[in-house]
Amino acid sequence: MSQTAEIATTTEAGISPLSKVEQSLNSIKHQTTQVRFSLNLAQSNLSKYLTLRHVQDQNEGLFFHYIRDNIRDSLPYIYTPSVGDACQQYSYLNFAPRGLYLSAHNSQSVKEQIESINQDVDIIVITDGSRVLGLGDLGIGGMGISIGKLSLYTAVGGIAPERTLPVCIDVGTNNAELKADPQYLGNKEDRVDDETFYSYLEEVMTALEARWPKAIIQFEDFSNNHAYPLLKKYRHTHRCFNDDIQGTATVAVATIKRALKKANKQASQSNVFIVGGGSAGCGIADLIRRTFGFEGENGVYVLDRDGVVYNDFANLNEMQAELARPSEERPAGKDKLELLDAINYYKPDVIVGVTGVTGLFSEQVINALVEHADMPVIMPLSNPVSSCEVTPSQIFDWVGDKAIVATGSPFAPIDFNGKSHVISQCNNVYVFPGIGLGAQVVSATTISEGMLTAAVNALGNYECNLASHYEVLPAIESTLEVSKEIAVAVALQAISEGVAEVGADLSRDELIAKINAAFWNPELGTANH
């Protein structure tokens, strides 16, 4: 839960009185300089994360003012990669209380716990900490993810901090190290079985909707075996979406479209490899399949441990089965087609990594991509940096500037042949705040596929000047304006589909004005609702 504090203002005796706004701005400038000084003293990513969390707990207005003015420098410390370190050490960190913990082992009902909260809420981010980034089961440490995502909802999505709610549900942990750690604050029993899990989630979702019927609920970092079933169960009955599946897919597909355009290729005439058959990979592949309009033999291919996923494989989950390639197209005499062989056979124009397997895209793999496609698009999206399939510097070392690169983690620009190449970070922050804002402003009853496609097109068509030839996405400093563009597109789509409870009679200009009016301003310290 939010701890909003007004930004302090000061005046000196003998000086002509300043307006309240001028006083506030002078104070902000002084205080942000102090924040920057403290961050410069911090020696590690975790220390910088803790510094900013302390500012957030003490003075949210100052925190969000600093983030907005320093989004490029602060993003790695309020979210990836630093949030992963914080989640791993969460029980050791001294934070002010923030957010709602719900335990499946609590004798008090979820309804009673939630009804006791005297707070209006527009956006809820909920996790069970079972698959945090590429780090696995971190139990109640997953709360750091919910807090971080909501910080971004406010910083670039304009949602007032006091109207956000981070939630972590504790259903046990299967992490042996956490169980053996006397400092761990969560329940040390094994995670509950599926029947108990889904029953408890039903109780949670019912209670959340009853208490805040118009709030948007974002699922975050649920394990692969639960993420898609939860989304499928609630997507048409609750105002919810899964950022790992749908947010990642939206930003990835928009990035691929922009990159293919830069490479002078048509999306409909490309072959796209999605390496990683989990919820994120399948979400990306599904959105590509629905939006690219493939021609002829072109298409999207999901690859997992055994290479290309074909429809005669055993033990495919529901998402994988829907995306599997027909076994008839597999080369004769091959039971499976692993990554390198698949590249040589299908000659992909795009390869996306969402595996969490460090170094999976080897020099041999990168060379094969460049051999078979002119200016291939290479997107190692796994977070944190330690889980990245390949680094930009490795790609430039191996094949020079013969590929377009976008990553999930932040990387410094690459100097090559006397030029600096900016590496675009394919980060969900480009899309989920705008999706949530757009849905919330018109009180959409669902987050539809059409609304996600509208977000893809809004980011895909966003016009901007790029710092270098190989940069794909708008500068991270543009995320506030990008969020507003996406919010407008999402809201208009919701209106056109008849799922908007308010604003159906608004023109585009009126809707833009409504979104601007709803956008929270940290200098004012209040929301305009």
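**View 1. Trp-520 is a buried aromatic residue with a ring partner from far along the chain.** In this predicted model, Trp-520 has a relative accessible area of 1%. Residues under 20% count as buried, so Trp-520 falls in that class. Across the whole structure, the count comes to 15 aromatic pairs. One of them joins Phe-64 and Trp-520, with the ring centres 5.7 Å apart and 85° between the planes. Planes over 60 degrees apart count as edge-to-face, and that is the class of this pair. Where do the two partners sit in the chain? Phe-64 belongs to helix α3 (residues 60–69), while Trp-520 is in the segment after α20 (508–518). The pair thus links distant parts of the chain, 456 residues apart. Phe-64 is buried as well, with a relative accessible area of 1%.

**View 2. Phe-219 and Phe-222 belong to a cluster of rings.** These two residues form an edge-to-face pair, 5.8 Å centre to centre and with 85° between the planes. Are Phe-219 and Phe-222 buried or exposed? Both are buried. Look around them for Phe-197 and Tyr-198, which ring pairs link with Phe-219 and Phe-222 into the cluster.

**View 3. Glu-195 is an exposed residue of helix α9.** Helix α9 spans residues 194–211, and Glu-195 lies within that stretch. The relative accessible area of Glu-195 is 70%. Exposed means over 50%, so Glu-195 qualifies. Now find Lys-261: how far is Lys-261 from Glu-195? They are 66 residues apart in sequence, and their C-alpha atoms are 47 Å apart in space.

**View 4. Helix α15 has a buried set of residues with other elements covering them.** Which residues of α15 (residues 363–372) are buried? They are Val-365, Ile-366, Ala-368, Leu-369 and Val-370. Their cover includes two helices, α14 (339–346) and α16 (392–399), along with the strands β9 (350–353) and β10 (377–380).

**View 5. The second largest cavity draws its lining from domain 1 and domain 2.** A search of the whole structure turns up four cavities of 30 Å³ or more. The second largest has a volume of about 60 Å³. Among the residues lining this cavity are Tyr-49, Arg-53, Phe-63, Ile-78, Gly-144 and Ser-151. Helices α2 (45–58), α4 (71–78) and α7 (143–157) each supply at least two lining residues. By type, the lining has six nonpolar, four polar and one charged. Domain 1 (23–78) and domain 2 (96–241) each give at least three residues to the lining. The C-alpha centres of these two domains lie 27 Å apart, and their contact takes twelve residues from domain 1 and twelve from domain 2.

**View 6. The largest pocket lies between domain 2 and domain 3.** The domain assignment also lists domain 3 (247–426) and domain 4 (429–518). Why is the largest pocket placed between domain 2 and domain 3? Both of them give residues to its lining, so the pocket lies between them. The space in this pocket comes to about 1,200 Å³. Its lining has 49 residues, and those nearest the pocket centre are Asn-224, Gly-278, Val-354, Thr-355 and Gly-356. Elements supplying at least two residues each include α10 (224–234), α12 (279–291) and β7 (299–304). Helix α11 gives the most, with four residues. The lining divides into 18 nonpolar, 21 polar and ten charged residues.

Technical notes:
Residues are numbered from 1 along each chain as its sequence is written. This is a predicted model: local features need pLDDT of at least 70, side-chain atom pairs count only at pLDDT 80 or more; totals for chains, interfaces and linings use all residues. Side-chain values use heavy atoms; hydrogens and water are left out. On a 1 Å grid over the protein atoms alone, a cavity is a set of points where a 1.4 Å probe fits but cannot get out, and a pocket is an open set with protein on both sides within 12 Å along at least five of seven lines; lining residues have an atom within 4 Å of a point. Grid points are joined across faces, edges and corners, and a volume is the space filled by probe spheres set on the points. Ala, Val, Leu, Ile, Met, Phe, Trp, Tyr, Cys and Pro count as nonpolar, Asp, Glu, Lys and Arg as charged, and the others, Gly among them, as polar. Domain bounds come from an automatic or database domain assignment. Buried means under 20% relative accessible area, exposed over 50%, partly exposed in between (1.4 Å probe, protein chains only). Contact means heavy atoms within 4.5 Å. Rings of Phe, Tyr and Trp (its six-membered ring) pair if their centres lie within 6.5 Å; planes under 30 degrees apart count as stacked, over 60 as edge-to-face and the rest as tilted.
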